[in-house]
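Welcome, and thank you for opening the viewer. Could you take me through this structure one selection at a time? Here is a tour for exactly that request.

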Amino acid sequence: MRLAARVVWTLGAISASLFVAVPDGAAAVVGKQRVLAALVSYGPRPYARADVTAAFQQADAFFRRSSFGRLSLSTTVTPWLNGGLAEPSCGASAERMFAPLRSVSTSAGFAPADYDRIIYLVAGPDCGFHGIEGGNEVMIVTQPDAHLLVHELGHTFGLPHAGASSVCATYCVTQEQGDLFSPMGIGFTDFSGYEKEQLGWIPRQPRVTRAGQYVVETLGGTLARQAVVITAPEGEYWFEQRPALATPALIVRLVQPDTFSRAFIAPSTMLLAPIRSGHPTITAGQTFRIAGEFSVTVRRAARVPLRLRVSLAATLH
Ligand SMILES: [Zn+2]
């Protein structure tokens, strides 16, 4: 849950070699995830176990909806467990931080090895962050709501923060966690088509290699047409229907596939001003253009699915 700014070169800087290797985190995450939520107290017990259970129920509903029923949570919430005298150090290595929490949990009869993901809800330490993850384990040091749980579980699935940029010309100035809709950003509306494809919730989406007319479905429409992807020298542009709003409109995110890390797939950057500043959408009649590469026009249409007209420069054929 870090909020930081960074600068990412995009348009113009086209020297990137395309790696064929995939990061650890790119595997599909489907089926029932057995989650252990271990409440570990170092003195205070600032919230009730029932509130945690309720937050996990909301998180489960979010995952079921966003994954089209492909992923669900089966969560065991422990009672408050006594952590003992020594609080975990916020600055320690992941291994040193998680080891004492594992032993507290195991002593109480909840063996971490029996679960796919383990979330330690720790009361006591003041760490200056909400949550931190390592592998399939997460430590959360604040009262969790459904958004935080979905976000931190998303990290354990290999998802990085979903960024956003309002300035994207020769380079993008990126807010690392700025995506308006993804729970990996500041949103809590829906995972992106890119994230869903990576997690195996939707089939591989069409990569446009020729000019023509394309359709982008709404949530719940044909799963093979949730997004349209144009591969340009600087990365993949993912076009999809803006989620959860009545007026049809297109949103666009840029993914640079070679920017993955060992733990996370490549991050996406939502373009906050694809047409003009203050408007994160492309609406009927408008054309999104990357000079010298391609253009995407949303054809005038009163209803969804959205129909797009794509033109490609010779170099993108
Ligand atoms: Zn985070």
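## Starting at a pair of strands

Begin by selecting S15 and strand S16, residues 294-298: these two pair in the antiparallel sense, with four bridges between them. As you look, keep in mind that this is a predicted model. For a single rung of the pairing, pick Phe288, whose bridge partner in S16 is Val296.

Now widen the selection to the whole sheet. Four strands make up an open sheet in the order S10-S17-S16-S15, and the pairing is antiparallel. Strand S10 (212-216) and strand S15 (287-290) stand at the edges; each has a single partner strand, so one side of each is left without a neighbour in the sheet. From one strand to the next, the twist averages 20°.

## A stop inside that sheet

Next, select Val310, which you will find in strand S17, residues 306-312. Is Val310 buried or exposed? Its relative accessibility is 1%, so Val310 counts as buried. Show its surroundings, leaving aside neighbours within four places in sequence, and you will see contacts with Val208, Ala211, Gly212, Tyr214, Ile230, Ser295 and Val296. Val296 is the residue you met as the bridge partner of Phe288. Val310 and Val296 are 14 residues apart along the chain, and their C-alpha atoms are separated by 4.6 Å.

## The five-stranded sheet

Move on to another open sheet, where five strands follow the order S3-S2-S4-S6-S5 and the pairing is mixed. Its edge strands are S3 and S5, each of which pairs on one side only. Here the twist averages 20° from one strand to the next.

Zoom in on S5 and strand S6 (residues 137-140), which run antiparallel and are joined by four bridges. Select Glu133 to follow one of these connections: its bridge partner in S6 is Val138.

Then bring the helices into view. H2 packs on the sheet, where it touches strand S2 (31-41), S3, S4, S5 and S6, and its direction makes about 90° with that of S6. Helix H3, residues 146-156, also packs on the sheet and touches S3, S4, S5 and S6; its direction makes about 150° with that of S6.

For a closer look at one edge strand, select Ser72, which lies in strand S3. Ser72 has a relative accessibility of 10% and counts as buried. Beyond its neighbours within four places in sequence, Ser72 is in contact with Gly31, Lys32, Gln33, Asp60 and Arg64. Try a distance line from Ser72 to Arg34 as well: these residues are 38 apart in sequence, and 8.8 Å apart in space from C-alpha to C-alpha.

## The disulfide

Now show the cysteine side chains. How many disulfides does the structure hold? There is one. A disulfide is a covalent bond between the sulfur atoms of two cysteines. Here it joins Cys90 to Cys127, with 1.9 Å from S to S. The pair links distant parts of the chain, 37 residues apart: Cys90 sits in the loop between strand S3 (71-82) and helix H2 (94-107), and Cys127 in the loop between strand S4 (117-123) and strand S5 (131-134).

Rotate the view along the S-S bond: the torsion about it is about -70°, so the disulfide is left-handed. Cys90 counts as partly exposed, at 24% relative accessibility, whereas Cys127 counts as buried, at 14%.

## The zinc ion

Select the zinc ion next. Which residues coordinate the zinc ion? They are His151, His155 and His161, each through NE2, at 2.1 to 2.2 Å. Along the chain, the donors follow the spacing H-x3-H-x5-H. Two of these histidines can be checked for exposure: His155 is buried, with a relative accessible area of 5%, and His161 is buried too, with a relative accessible area of 9%.

## Colouring by confidence

Finish by colouring the protein chain by pLDDT. The average is 87, and 89% of the residues score at least 70. Where does pLDDT stay under 50? Select residues 1-25 to see that stretch, for which the model has 58 contacts beyond four places in sequence.

How values were computed
Residues numbered from 1 in each chain as written. Predicted model: local features only at pLDDT ≥ 70, side-chain atom pairs only at ≥ 80, totals over all residues. Heavy atoms only, no water. Donors = N, O, S within 2.8 Å, 3.2 Å for Na, K, Ca; no water. Buried < 20%, exposed > 50% of the residue type's maximum accessible area, 1.4 Å probe, protein only. Pairing = 2+ DSSP bridges. Axes fitted to C-alpha atoms, helices over the stretch in contact; angles between N-to-C directions. pLDDT = per-residue confidence, 0-100. Contact = heavy atoms within 4.5 Å. Disulfide = S-S within 2.5 Å.
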